[in-house]
Amino acid sequence: LSRPAAGVHRQILLATVGWFVGYQLVKRAEYVHAKVDREMFEYIRHHPVDFHAPAEKKRIGQLLEDFYPVR
């Protein structure tokens, strides 16, 4: 005989454990990315000569080559 509610407690436990592990992994990934961003911005702040702004922005037409259809 099999009851419909058999094993529900195990499913709830595993779902809770999965949620907790996923939450911790996301939190750690966000921490690592924030740390990398902080270090990168600090480097940029200390070395402004290496990261000068371009004189003028280029338009997309200036970046792409002219298109000539081949028939």
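Nonpolar patches are made of residues with over 30% relative accessible area and no salt bridge, with side chains of Val, Leu, Ile, Met, Phe, Trp or Tyr joined within 5 Å. In the predicted model considered here, local features need pLDDT of at least 70 and side-chain atom pairs count only at pLDDT 80 or more, whereas totals for chains, interfaces and linings use all residues. Residues are numbered from 1 along each chain as its sequence is written, and side-chain values use heavy atoms, with hydrogens and water left out.

The protein contains two helices and zero strands, where helices (H or I, at least four residues) and strands (E, at least two) are DSSP runs numbered from the N terminus. Its radius of gyration, taken over C-alpha atoms, is 27 Å, although a compact globule of 71 residues would have a value near 11 Å by the rule of 2.2 Å times the number of residues to the power 0.38. The C-alpha trace spans about 75 × 55 × 15 Å along the principal axes.

Of the 71 residues, 0% count as buried, a class that requires under 20% relative accessible area, with exposed set at over 50% and partly exposed in between (1.4 Å probe, protein chains only). About 7800 Å² of the protein is exposed, of which carbon and sulfur atoms supply 63%, as computed by the Shrake-Rupley method.

On this surface, Leu13, Val17, Trp19, Phe20, Val21, Tyr23 and Leu25 form a nonpolar patch that together has about 750 Å² of accessible area. One of these residues, Phe20, lies in helix H1 and is partly exposed, with a relative accessible area of 46%.

A search of the whole structure finds one salt bridge, defined as a side-chain nitrogen of Lys or Arg within 4 Å of a carboxyl oxygen of Asp or Glu. This contact joins the side chains of Arg45 and Glu42 at 2.8 Å, N to O. Both residues, Arg45 and Glu42, belong to helix H1 (residues 8-46), where they are three residues apart, about one turn of the helix. Arg45 counts as exposed at 57% relative accessibility, whereas Glu42 is partly exposed at 34%.

Methods
Areas by Shrake-Rupley, 256 points an atom, 1.4 Å probe, with all protein chains shown as cover. Patch = residues over 30% accessible without salt bridge, like charges linked within 9 Å, V, L, I, M, F, W, Y side chains within 5 Å.
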